[in-house]
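Subject: Structure for you to look at, with notes

Dear colleague,

I am handing over the structure below, and my notes on what was found in it follow. Please read them with the coordinates open beside you.

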Amino acid sequence: MSKAETGSRERESEQAEKRIADIRDEIRRHDYQYYVQDSPEISDAAYDVLMRELRALEGRHPELIVPDSPTQRIGGKPKEGFQKLQHSRPMLSLDNVTSEAELSDWERRVRSVLGDAKVTYVCELKLDGVSIALHYGPPAEPGGSHAEPTRHSSKAPTERGGVLLRAITRGDGAVGEDVTTNVRTIRSVPLSSPQARLEHSGMPPEFEVRGEVVMPIEGFLALNQEREEQGLPPAANPRNAAAGTIRTLEPNIVAQRRLDFYGYFALHEGENVFGEQTKALDALSAAGFRVNPRRTEVDSREALLGFVAKAESERDTLGYEIDGVVIKVNRTDQQQQLGFTGRAPRWAVAYKFASRNGITRVEDIAVQVGRTGKLTPVAILHPVAIGGTTVSRATLHNADEIERLGLKIGDSVLVERGGDVIPKIVEVVADKEHPRGDRTFHFPQRCPVCDSEVVRAEGEADYRCVNANCPARLRESLLHFAARKVMNIDGLGEALVTQLLEHKLVTGIAGLYTLTEAELLTLDRVAKKSAESLLAGIEASKKAPLHRVLFGLGIRFVGERTAELLAASFGSMDALMKAKPEELEQVEDVGPRVAQAIAEFFAEAKNRELVERLRQAGLTFTAETKRKTSQLAGLTFVLTGTMPGLTREEAKARIEAAGGRVSGSVSRKTSYVVAGEDAGAKLDKARELKVPVLEEEQLLEMLGAGPEGHSDHAERGNPAPGGR
């Protein structure tokens, strides 16, 4: 290589290094504004542009990748579960008080030890989450003992301050579990703090932050909705959900659940960094950590009780769960003077709020039909005041829960409203004052909304309505039917579907094909051009292949892949509708549960009526017979990242046309992983399992060179983890 070429490459590398550093700093600043300050400065789209540019630059210059780069938040799985690690000093529990008298007794004991010295207290909310210790320091060298991310740079980021090295659960207080890989995905946990911010905060280069990981209530409700759709039991409360999430072996799942971290202690080698707790909290905030803003310093018993009362009155408005207030003596030297008991500090106490429960009577049991068709029993209660709110209904989840409780209508029950957000019945109360009820509840045999027959699959707890046009589930049925990977009806989003249902312009999926321009123009924010565009999209959907029509019907367990296999195996909608469960089970990936769900769907008269209306509308009811080759027969491919010439759909279609199979996950049975730009965890998994990795050109060579499948306007898939 000539000197000129060498010089050119060096200049290019220097420019890339500077640009990478600038983008990282900008992304870190935006992460801080978004996840810590709740004050975003740019749109998600603009943020994603920065992240894509950083990924591209790091891809061209892998030697510049550092462990705390924003692209490295999600690495591989923990290597062998979770390693046990010793804490720098024990993470002790707090003694609890539950009344004004008990708090006063604690405060008197504190003052009796400290004598006439001035004492102030720091009051903080007691977050109901998972305690975590985060350790920061110089970045680990390759092969070092610190938690290793996916890749390391040969250059230590000396221009920055502390880098996240380890995250350890509380465990038994003395020893916890190393959950660094999972905690790295939490956006409010800084992977590193800029040197200027560290110096301004007064934090040393090496430090430990102790705090609480919580699951916001909004995320908790979304998680339970997702679990309901999957036929899984709901999580009991946000605390349990956060604890389970932190200990999952899939970092991608942790990232999706949007946990939050709040810091409350700053330590160096097991000792307090600052002489006062108030200064520690301010320093953590200045260093870029999220610190709960609801905190104050007080100097009297009356002020302590005032903070407790205010916190309890606001607990339902916070967006996350609290179960009390933590009160600490502010000065570190006074904390040392007070010392510890065998299991708790004498200088801190937790004021626990009263349990939010009450006893009332079950007057009836109603049944609600959810958006997935699941029937949920709901106890109708004699109104009871719990935690400042009148409760008159409580979920019973399913038939198994009613059986577990041994519940009858007329029973007195203990109802709890707290960490589980939704009121629930804890137990039946039976004594002299509370005689048992005498009415046994039976699940209805027909849907209370649409009168269709309900089904309960063998081995499952839930009863379901399988009528795709049931009014209780129609909104979700329409949105699913119109989705891009289903019938691809552009413009039919949530707002428009809601209006169509409210104005009764559509009472079933097939009603989309009888909509008129005049009807659409009566809706809010629908102009002539958008109405014409929607009608054109609906008309174009009639040409969608059979497997997309099957997918669009919303049959339980029938996803895109299964719909394709069913269409290819039976060839027509009519043949599939007539198929017996044992015939369905002959299809690849169709087991007894899937076969039963398909048979139950087509056994419902209202679903057969829907199919006939779609036939009359002109939808495709027979499968295309495609000429298949066999050069990829027996091979399984996984697609990841964005390819320059093929969309995922095009690549999938060409592989399957050549006799290959496309899977969504990497395993030892995978033949090849096809990786494009922004490839993420699947590429890491392929390398871990030593699965061969192909680029697009190599895939095309296997398929046979040719222009088929290329597209100059290929729609790009979602970016790899890193967007918001």
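A residue is called buried when its relative accessible area is under 20%, exposed when that area is over 50%, and partly exposed in between. Asp299, with a relative accessible area of 45%, is therefore partly exposed. Please keep in mind throughout that this is a predicted model.

To stay with Asp299 for a moment, this residue sits in the loop that connects β11 (295-298) with α10 (301-314). Its C-alpha atom is separated by 4.4 Å from that of Thr120, although the two residues are 179 residues apart along the chain. Once neighbours within four places in sequence are left aside, the contacts of Asp299 are with Arg111, Lys118, Val119 and Thr120.

As for the chain as a whole, it has 724 residues, of which 49% count as buried, and it contains 25 helices and 24 strands. Of the contacts between residues at least 6 apart in sequence, 71% join residues that are at least 24 apart. The exposed area comes to about 34800 Å², and carbon and sulfur atoms supply 48% of that area.

Two groups of strands deserve a look. In strand β8 (residues 207-214), eight of the eight residues are buried, so this strand is largely enclosed by the rest of the structure. Strand β4 (residues 130-137) runs antiparallel to β8 and is joined to it by seven bridges, with Ile132 standing opposite Gly211 of β8. Strand β9 (residues 260-268) is likewise antiparallel to β8 and joined to it by seven bridges, and here Glu212 stands opposite Tyr262 of β9.

The second group is an open sheet of four strands in the order β22-β21-β23-β24, in which the pairing is parallel. Its edge strands, each pairing on one side only, are β22 (661-663) and β24. Within the sheet, four bridges join β21 (residues 636-640) to β23 (residues 672-675) in a parallel arrangement, and Phe637 stands opposite Tyr672 of β23. Helix α24 lies across β21, β23 and β24, and runs at about 135° to β21.

The loop that follows α24 (681-689) and leads to β24 (693-694) holds Lys690, a residue that has a positive phi of about 60° although it is not a glycine. With a relative accessible area of 72%, Lys690 counts as exposed. Asn488, which is not a glycine either, has a positive phi of about 55°; this residue lies in the loop between α13 (474-482) and α14 (494-502), and its relative accessibility of 42% makes it partly exposed.

Finally, I would draw your attention to Glu604, which is placed in the loop between α21 (592-603) and α22 (605-617). Glu604 is buried and yet has no salt bridge, since the nearest side chain of opposite charge, that of Lys606, is 4.5 Å away, whereas a salt bridge requires a side-chain nitrogen of Lys or Arg within 4 Å of a carboxyl oxygen of Asp or Glu. Apart from its neighbours within four places in sequence, Glu604 is in contact with Ser452, Glu453, Val466 and Asn467.

With best wishes

Methods. Residues are numbered from 1 along each chain as its sequence is written. This is a predicted model: local features need pLDDT of at least 70, side-chain atom pairs count only at pLDDT 80 or more; totals for chains, interfaces and linings use all residues. Side-chain values use heavy atoms; hydrogens and water are left out. Buried means under 20% relative accessible area, exposed over 50%, partly exposed in between (1.4 Å probe, protein chains only). Two strands pair if DSSP finds at least two bridges between them. Lys and Arg count as positive and Asp and Glu as negative; His and the chain ends are not counted. Contact means heavy atoms within 4.5 Å. Axes are lines fitted to C-alpha atoms, for helices over the stretch in contact, and angles run from 0 to 180 degrees between N-to-C directions. Accessible areas come from the Shrake-Rupley method with a 1.4 Å probe; for residues, only the protein chains shown count as cover.
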